[in-house]
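Here is a friendly set of notes to read with the structure open beside you. Take the points one at a time and find each residue as you go.

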Amino acid sequence: MDLTLRQLAVYAAVARAESFTAAARELRVAQSSLSRTVLEIERVLGVRLLDRTTRRIRRTPEGQQVLEAAERVLAAHRVEMAGLERYLAGERGAVTIATLPSVAAALLPPVIARFRAQRPGIAVRILDGMSDTALERLAAGAADLAITVADRLPADLRAEPLVEDRFFAVLPPGHPRAGAAALAWADFAGEEFIAVGADSSVRAGTDRAFAEAGVRPAGVIEAGNVSTVGGLLAAGLGVSAMPALVEVLMSFASYVRLPLAAPVLDRRLSVVVPRGRRLTPPARGFLECLRGLREEGHPLPADVRWAG
């Protein structure tokens, strides 16, 4: 058997009211149309659903069962349509953001808090990792948008500048230069430099700054992530330079933070989205929330500023 939602809605209205006239008023259609629809349902099912008299109609036992089934189907349909409407309005569903650990820890919490307050029905998922990993996840469809360094993008992705954070010098406590007002990159000459892996946006910046300053550290200790750098610094094994957003990832370690110049180095982070793929309503809502905070000039951590 195959009955349409319209047929079920018509039958439910007639069966509940036990009156074609009342059901016609409720549905705002001609009574004759309802009669034809009920007759067609009875023909399809092969049973009589309504006992008709000159004064009223009554449901048969089969008619009662069909009414109960029709009401369950119609109720489920209403629930699903309401859920779809909320999803299309950006009020239901999920959004996945691929980003850097520093962005996830220092920049996104206030964004997510506001977004969840505005749209409590939407789940937020954060995938943190290296810059290239964030772009790979976006390109593969595992994330709706990415927040990362976007210096070199494939043609199918586009970037919107979001924030810039400045690099600062990081020294172990007791370092001879720890009392200086500021450092230059040339001051790292002859020092053991603690760097993050070559696939990190931080490493790309420090390599570029050393090249521009025309100096090299005495040696490089390479760490897998920023928290490892913090531990090595605290142990006095070298010096480093980090962008401002990563400082939250080193909060457990003891170190001295100094301004760093010659050159002054900033890291730009952008929102990256697929060029040919339309964002889902939840993702559009998250991006609108992010832009709203930027337009308001929402406070950012020290040495971090809104870009664009």
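1. Let's begin with a word about labels: helices (H or I, at least four residues) and strands (E, at least two) are DSSP runs, numbered from the N terminus. With that in hand, you can place Gln118, which belongs to helix H5. Please keep in mind throughout that this is a predicted model.

2. Stay with Gln118 for a moment. Its relative accessible area is 47%, so this residue is classed as partly exposed. Now look for Gly285: 167 residues separate Gln118 and Gly285 in sequence, yet their C-alpha atoms are 9.4 Å apart in space.

3. Next door in the sequence is Arg119, in the loop between helix H5 (101–118) and strand E4 (122–128). Which residue does Arg119 form a salt bridge with? The partner is Glu288, and the closest N and O atoms are 3.6 Å apart. Glu288 sits in helix H9 (residues 281–296), 169 residues from Arg119, so the pair links distant parts of the chain. Are the two partners buried or exposed? Arg119 counts as buried because its relative accessibility is 16%, under the 20% limit, whereas Glu288 is partly exposed at 48%.

4. Now step back to the whole chain. The domain assignment gives domain 1 (5–89), domain 2 (93–162 + 268–306) and domain 3 (165–266). Notice that domain 2 is written as two stretches of sequence, 93–162 and 268–306. Taken over C-alpha atoms, the centres of domain 1 and domain 2 are 48 Å apart.

5. How many residues of domain 1 are in contact with domain 2? Four residues of domain 1 touch seven residues of domain 2. About 330 Å² of area is buried between domain 1 and domain 2, and carbon and sulfur atoms give 56% of that area. On the side of domain 1 that touches domain 2, there are three nonpolar residues, no polar ones and one charged residue. Between domain 1 and domain 2 the count of salt bridges is zero. The search for residue pairs in polar contact across this interface, with both residues at pLDDT 80 or more, also gives zero.

6. Salt bridges do turn up elsewhere. Side chains of opposite charge can pair when their charged atoms come close. Over the whole structure, the search finds 19 salt bridges. One of them joins Arg52 and Glu42, with the closest N and O atoms 3.2 Å apart. Arg52 is in strand E1 (residues 50–52) and Glu42 is in helix H3 (residues 31–45), ten residues away along the chain. Arg52 is partly exposed at 32% relative accessibility, while Glu42 is buried at 10%.

7. Another pair to find is Glu247 and Arg257, a salt bridge with closest N and O atoms 2.9 Å apart. Glu247 lies in the loop between strand E10 (240–243) and strand E11 (256–261), and Arg257 lies in strand E11, so this pair ties together parts that are ten residues apart in sequence. Glu247 is partly exposed, with 23% relative accessibility, and Arg257 is partly exposed too, with 29%. There is also a network of salt bridges that links Glu164, Arg166, Asp266, Arg268 and Arg305.

8. For a buried residue in a strand, try Thr96, found in strand E3 (residues 93–99). Its relative accessible area is 11%, which means that Thr96 counts as buried. Beyond its neighbours within four places in sequence, Thr96 is in contact with several residues, including Arg125, Leu127 and Asp144.

9. Finally, some backbone details. Most residues other than glycine have a negative phi, and most peptide bonds are trans. Which residues here have a positive phi without being glycine? Glu18 has phi near 50°, and Arg28 has phi near 60°. Glu18 is in the loop between helix H1 (5–17) and helix H2 (20–27), and Arg28 is in the loop between H2 and H3. Arg28 is exposed, with a relative accessible area of 78%. As for peptide bonds, the one from Ala262 to Pro263 is cis, with omega near 5°. You will find Pro263 in the loop between E11 and strand E12 (266–274).

Methods: Residues numbered from 1 in each chain as written. Predicted model: local features only at pLDDT ≥ 70, side-chain atom pairs only at ≥ 80, totals over all residues. Heavy atoms only, no water. Domains from an automatic or database assignment. Contact = heavy atoms within 4.5 Å. Buried area = accessible area lost by both parts, 1.4 Å probe. Salt bridge = Lys/Arg side-chain N within 4 Å of Asp/Glu carboxyl O. Polar contact = N/O pair within 3.5 Å; in protein donor to acceptor, adjacent residues only side chain to side chain. Nonpolar A, V, L, I, M, F, W, Y, C, P; charged D, E, K, R; others polar. Buried < 20%, exposed > 50% of the residue type's maximum accessible area, 1.4 Å probe, protein only.
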